Every structure is written in structure tokens, then in C-alpha cells.
Amino acid sequence: MQIISSAEDLAKIISNARQHGKQIAFVPTMGALHDGHISLVEIAKQSADFVVVSIFVNPLQFSANEDFDKYPRNLQADAEKLAAIGVDVVFAPTVQDVYPNGDAITQHAGPVGNTFEGAVRPEHFDGMLTVVARLFDLVQPDFAVFGKKDAQQLFLIQRMVRESNHRWNDLKIIAAPIIREQSGLAMSSRNKYLSQSERTIAESINVALKQWQTGIAAVKAKLDPAIRLDYVALVDPNTFEEIDDSFKGQALLIFAGRVGNTRLLDNLSITI
Ligand code: AMP
């Protein structure tokens, strides 16, 4: 496994793999890898014969009051995990490597970028899409794997690719299921911030979401009262807009809230 930071080295390795007839699958991450990330890599390996994982904490998607500086970083431990499952390349660039011409926003999430996560984290999605587009330009993958855990992010990436006029050729986005701890708590790099008692509080999230059949009020009632709720809502996965009472079909129940200082997300795909 090669660990590289320069975009130039990456381009050489990718072009070499292509010359050998390989298809490329790409898994973008911010590191602090857990079994959720590893499951994405396994899916990437099943999709193509050359797997690139990026580890990059993107300053553009954090606002000034967020955890960019203290976001967990451990390249060595991450690289060991990725080597053990047979990743070909770890791309761990610096900010300068990713944005040599300055880190201006190049992608705009539009109205869906201002709702739910976007309402709580202004400009987060513009920064996220900007780095994903930049990474797609560098890696030129055939497949890219993203977790359903970040449902709004996944929606926006799928839309960006669909509307990109084949900027990344025939790139296919693969949506990977949410990996959970035994308790049902969705795995997240930010779970590292939780104390033992906060973890117990966080474990009520998935339990509560499963109450959806008796209504959103029942979901809220089941959440531990120590959770500071940002939103619980039912959205149409095709538009990411809130659904009304007449909706029938596949919907997404989305949650975000804070346990102590840690923001957590979860969601559940349901049929109404
Ligand atoms: P992050 O490192 O948090 O930016 O996440 C990198 C990728 O891993 C994103 O596509 C996430 O949606 C995905 N991911 C994070 N947590 C999980 C999880 N528990 N299950 C599945 N995918 C996940």
C-alpha cells in the first residue's frame, strides 16, 4: 500500500493503474477510521480492482466555532487498518495539496444546502461538495462509496454528479448502509468525544427512531431528555424535502442533535 500526499504522485499512480486496465474505486474520509469506514472500503474492493482511500479533514466544511482543530487525527493507526484490508493507495494530502490555487468555494448546494444539516451548519455543504469535486478531479474514479449515515451529504453528492454533465465520465456513486455498534448507536469518528454517560444518552437515539410508526412525537418522547435536538423529520429521499401526511412510499427519518458538546446524526429508511 502506498501512502502519498502529492496530487502529482497520485496522478502518476492512477494513470499507471489505468494503463494496467484497472477500474478505480474511491472512498473519501476524514480519517479516525472505524468499522463504518472499513465497510465502505470492503464495498469499494468488491466494485473495482484498485482502491484509493483519501484522508483529509477539509477546513472548508467546518465553520469557525466547530471542531476542525480538535477533530481526531491519527494517520498511522488509519494506515495500518487500511493496509490490513488491502487498500492500494492512501491519499493523505495537506490543505495546500488539495487547494493549490486557494480554497475558494466552487460548488454550491442550493436550497437543500440550507435545510436540516445546512440550517445548523451554514456553508457546510458548499465546502463539502467543493472538496468532493476536487477529489473526484484528482482521483477520476469509476466508483465512489459514501455512507448513508450522512444522508443529506449523499443526496447532494448524487445530485452534483448527476448534474455535472459527465465531468467525471461515468462515475457511479455507491450508497453504503449505516454500520452501528451493538447498542444501535451509529458509528462515528465523533463518538470518541463521548464520555461513558454521554454514550448511554446517545444510545437512546436509534431506539427512539424505531418508534416512528407511532409518530414523530413518540420518537421525540423516547429520546433521552439530555439530548439537545436539532431536528427529527421525515423527508422524501428523492428531494430531501419534508413529506406531508399524504405521502406514501420510501421515506427517510432523519435525526441530528447534541449530546454534551458532540453533534450526532442518525437516520432510518422507512416505508409509509
Ligand atoms: P467521515 O470520515 O465522517 O467524513 O466519513 C467518511 C465516509 O464514511 C462518509 O461517506 C460517511 O457517510 C461514511 N460513514 C461514516 N460513518 C459511517 C457509518 N457508521 N456507517 C457507514 N458509513 C459511515
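This passage describes the overall fold, the ligand site, the second largest pocket and the internal cavity of a predicted model.

The protein contains 10 helices and 10 strands. Its radius of gyration is 19 Å, close to the 19 Å that the globule rule gives for 272 residues, so the protein is as compact as a globular protein of that length. Measured out along the principal axes in the computed model, the C-alpha trace spans about 55 × 40 × 35 Å.

The ligand is surrounded by 17 residues, and the closest of these are His37, Gly147, Asp150, Ile179 and Met187. Three polar contacts may be described in turn, beginning with the backbone. A polar backbone atom of Met30 lies 2.9 Å from an oxygen atom of the ligand, and a polar backbone atom of Gly147 is likewise found 2.9 Å from a ligand oxygen. For Asp150 the side chain is involved, with one of its N or O atoms placed 2.6 Å from an oxygen atom of the ligand. Of the 490 Å² that the ligand exposes when taken alone, the protein buries 93%. With regard to secondary structure, at least two residues of the surrounding shell are supplied by each of strand E2 (24-29), helix H2 (35-47) and strand E5 (143-147), and the greatest contribution is that of H2, which provides 3 residues. In terms of residue class, the shell around the ligand comprises 9 nonpolar, 6 polar and 2 charged residues.

The second largest pocket holds about 350 Å³ of space. Its lining is made up of 18 residues, among which Lys148, Ala151, Leu154, Pro237 and Leu252 lie nearest the centre of the pocket. Helix H7 (151-162), strand E9 (250-259) and strand E10 (262-271) are the elements that contribute two or more residues to this lining, with the largest share, 5 residues, coming from H7. When the lining of the second largest pocket is divided by class, 10 residues are nonpolar, 5 are polar and 3 are charged.

Enclosed space was also examined. The count comes to 1 cavity of 30 Å³ or more, and about 60 Å³ of space lies in the largest cavity. The residues lining the largest cavity are Lys149, Gly184, Leu185, Ala186, Ser188, Asn191, Ala202, Ile205, Asn206, Leu264, Leu265 and Asp266. Two or more residues of this lining come from each of helix H9 (204-209) and E10, and E10 gives the most, with 3 residues. By class, the lining of the largest cavity divides into 6 nonpolar, 4 polar and 2 charged residues. Strand E10 therefore recurs in the description, as an element that gives two or more residues to the lining of the second largest pocket and as the element that gives the most to the lining of the largest cavity.

Key
Residues numbered from 1 in each chain as written. Predicted model: local features only at pLDDT ≥ 70, side-chain atom pairs only at ≥ 80, totals over all residues. Heavy atoms only, no water. Near = heavy atom within 4 Å. Polar contact = N/O pair within 3.5 Å; in protein donor to acceptor, adjacent residues only side chain to side chain. Areas by Shrake-Rupley, 256 points an atom, 1.4 Å probe, with all protein chains shown as cover. Helix = DSSP H or I, 4+ residues; strand = E, 2+ residues; numbered from the N terminus. Nonpolar A, V, L, I, M, F, W, Y, C, P; charged D, E, K, R; others polar. 1 Å grid on protein atoms, 1.4 Å probe; cavity = no way out; pocket = protein on both sides within 12 Å on 5 of 7 lines; lining within 4 Å. Points joined across faces, edges and corners; volume = space filled by probe spheres on them. Rg over C-alpha atoms; globule rule 2.2 N^0.38 Å.
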